[in-house]
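Me: I am new to this structure and would like a close look at a single part of it. Could you choose one strand, explain how it sits among its neighbours, and then set it beside other elements for contrast?

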Amino acid sequence: MKQLFFVLITTLLSIQVSLAQPIHGNDTRLPRIAIAGLGIESSTFSPAVTLEEAFHARYGPEVFNAYPFMMPVAPLRKQAIWFPTVVGKSLPGGAVTREAYESLVGKMLDSLKKYGPYDGLYFDIHGAMSVKGLDDPEGDLITRIRQVIGYKTLISTSMDLHGNVSWRLAQNTDLMTCYRMAPHEDAMQTKERAVVHLLERIKSGKGKPAYKAWVPIPILLPGEKTSTRIEPGKSLYQDVAPLADHQPGIVDAGIWIGYAWADEPRNHAVVMVTGDDKASVTQAAEKLAQHFWRVRSEFGFVAPTGTLDECLAKALASSKHPFFISDTGDNPTAGGAGDVTWTLTQILSRPVFQKENGPSLIYASIPAPELIKKAIAAGVGGTVEGKAGAAVDARYAPPIPLKGTVESIVHGDKDAEVEAVIKVGSVHVIITQKRKPYHKEIDFTRLGLKPREADIVVVKIGYLEPELYNMRADWIMALTPGGVDQDLFRLPYKRIKRPMFPFDKDMKTPDLSAQLVPVSGTVK
């Protein structure tokens with residue numbers, strides 16, 4: 001029995017040692033691949049802060065639930081031995097506290113230490129995280145990951161195109177890709193592409209691409225001006241796929257618009273191309289960068305814009321319903337605090353909406369945790385009175401008094417936790433325990449609302465997400481105040497690199513030559 005036990009232990013140890021060896025060439029062994037990442041878009045112009053709980057972090061096997069292409073029956077799941085560590089995704093918001101960042105990073109690094117070594121790491125980030133007292137958090141994170149897993153491990157990074165690609169981030173990754181659509185209808189395909197590239201480079205023995213071309217472009221524009229639904233963003237991004245997916249010598253290519261509502265030197269547009277052929281990689285990067293610069297003055301808002309007064313006037317005069325108005329300045333999907341009351345205050349002050357039979361308007365939404373408690377106590381059909389909003393961002397208007405009828409109460413939403421609809425005059429105000437963006441039809445219908453039958457729907461959002469876009473009869477974006485103000489000239493930038501378009505419109509044409517980023521691990 002002892003001899004059998006010794007043989008079993010010896011066999012298991014030999015298997016473990018075998019699995020720990022890096023894969024070379026046509027090795028048929030399954031690669032060992034870790035998964036890690038933190039994602040958030042966070043405004044430094046908002047007084048809000050983001051805590052650890054906002055990331056809804058997944059640990060271990062539950063990480064797989066974030067990726068449909070990694071379900072147990074999915075072909076990709078069977079192509080490697082996976083080591084999911086920590087993946088956290090937060091709603092956009094204010095800067096992350098240093099304590100929250102260090103806690104999440106510490107858990108991630110501890111998990112990575114347990115199961116290494118790895119052949120590869122899938123690094124899933126957004127690219128626009130701001131952390132109190134720390135520049136370039138994603139660059140910091142990947143550097144600290146490298147200190148744990150070393151430089152033999154291939155890292156494949158997927159990003160939002162509104163993320164920022166610093167030199168440090170580019171240097172420490174090996175493969176990089178980003179969304180090619182805004183709105184981000186290709187988000188999951190992008191993540192899957194990052195994993196497919198990683199597996200292909202490991203299994204084929206090709207390893208790290210020899211060249212990474214990086215071109216910083218001094219342009220800083222909001223996503224609402226760079227949507228791929230319209231020109232010139234549409235044609236610009238249509239140039240990516242032919243280069244990235246069909247040109248020999250290139251593994252991937254991407255255009256990062258960058259994130260406009262954070263004040264760091266890394267906040268600007270970037271083009272990056274990876275591959276094995278130096279000429280193809282550099283020429284492709286320069287072609288995309290030059291196209292971007294050439295059309296810089298052609299970018300405009302994805303929808304008509306106006307002051308809130310102008311938007312309400314157009315909506316009230318229109319025969320098209322539902323008429324959507326984007327309350328853009330406090331958009332929680334871009335980093336706004338989500339509780340600015342300025343727009344709702346203006347709406348409720350208008351006599352036309354103070355009558356119960358006035359034009360029907362849905363307002364989504366405003367956090368009001370104390371009023372939620374009163375609504376629960378009153379019940380559906382009851383009358384409640386209290387204040388909402390401006391607990392975080394009261395710079396533009398104070399908390400707003402609301403008095404009305406409770407139309408519905410819903411528990412259990414991942415973000416809002418509890419939601420209620422309060423009818424004030426002809427306005428259906430959605431209040432929440434915690435802030436929540438409303439970008440799908442079910443967000444409204446589960447509350448008993450019928451947005452398709454409303455005269456006006458006001459949402460704290462920028463460009464309309466696909467479901468709302470398809471629902472609208474007409475749409476206009478109100479240029480309202482907040483932490484993600486669309487009028488960038490009203491924001492107090494101090495640290496972005498200048499000159500920068502559109503702030504310096506008469507700037508000289510920049511050097512758009514491709515800069516070759518050293519292969520990870522060759523420069524420390």
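**Strand E19 and its surroundings**

Reply: Strand E19, residues 427-432, is largely enclosed by the rest of the structure, because 6 of its 6 residues are buried (under 20% relative accessible area with a 1.4 Å probe and protein chains only; exposed is over 50%, partly exposed in between). The model is predicted, so local features need pLDDT of at least 70 and side-chain atom pairs count only at pLDDT 80 or more, while totals for chains, interfaces and linings use all residues. Residues are numbered from 1 along each chain as its sequence is written, and side-chain values use heavy atoms, with hydrogens and water left out.

The burial of E19 can be followed face by face. Val427, Val429 and Ile431 lie on one side of the strand, His428, Ile430 and Thr432 lie on the other, and every one of these residues is buried, which leaves both faces of E19 covered.

The next step is to ask which strands stand beside it. E15, a strand of residues 361-367, runs parallel to E19 and is joined to it by 6 bridges (two strands pair if DSSP finds at least two bridges between them). Within this parallel pairing, Ile366 has Ile431 of E19 as its bridge partner, and Ile431 is also one of the buried residues named above. Strand E18, residues 417-424, pairs with E19 in the antiparallel sense, likewise over 6 bridges, and here Val424 is the residue that stands opposite Val427. E18 and E19 form a hairpin with 2 residues between the strands, and in this hairpin Gly425 takes a positive phi near 65°.

A helix makes a useful contrast. Helix H2 covers residues 98-115 (helices, H or I, are DSSP runs of at least four residues, and strands, E, of at least two, numbered from the N terminus). Its 18 residues reach 27 Å from the first C-alpha to the last, which is close to the 26 Å expected at 1.5 Å a residue (1.5 Å times one less than the number of residues). Ala100, Tyr101, Leu104, Val105, Met108, Leu109, Ser111 and Leu112 are the buried residues of H2. They cover an arc of only 160° around the axis, and therefore sit on the same side of H2 (the arc is taken over the directions from the helix axis to the C-beta atoms). On the other side of H2, Glu99, Lys113 and Lys114 are exposed. Whereas both faces of E19 are covered, H2 thus has its buried residues on one side and these exposed residues on the other.

Another set of strands shows what an edge looks like. An open sheet of 6 strands follows the order E4-E5-E1-E7-E8-E9, with mixed pairing. Its edge strands are E4, residues 58-59, and E9, residues 175-178, each of which pairs on one side only. E4 runs antiparallel to E5, residues 81-89, to which 2 bridges join it, and Arg58 stands opposite Val87 of E5. E19, by contrast, has pairings with both E15 and E18.
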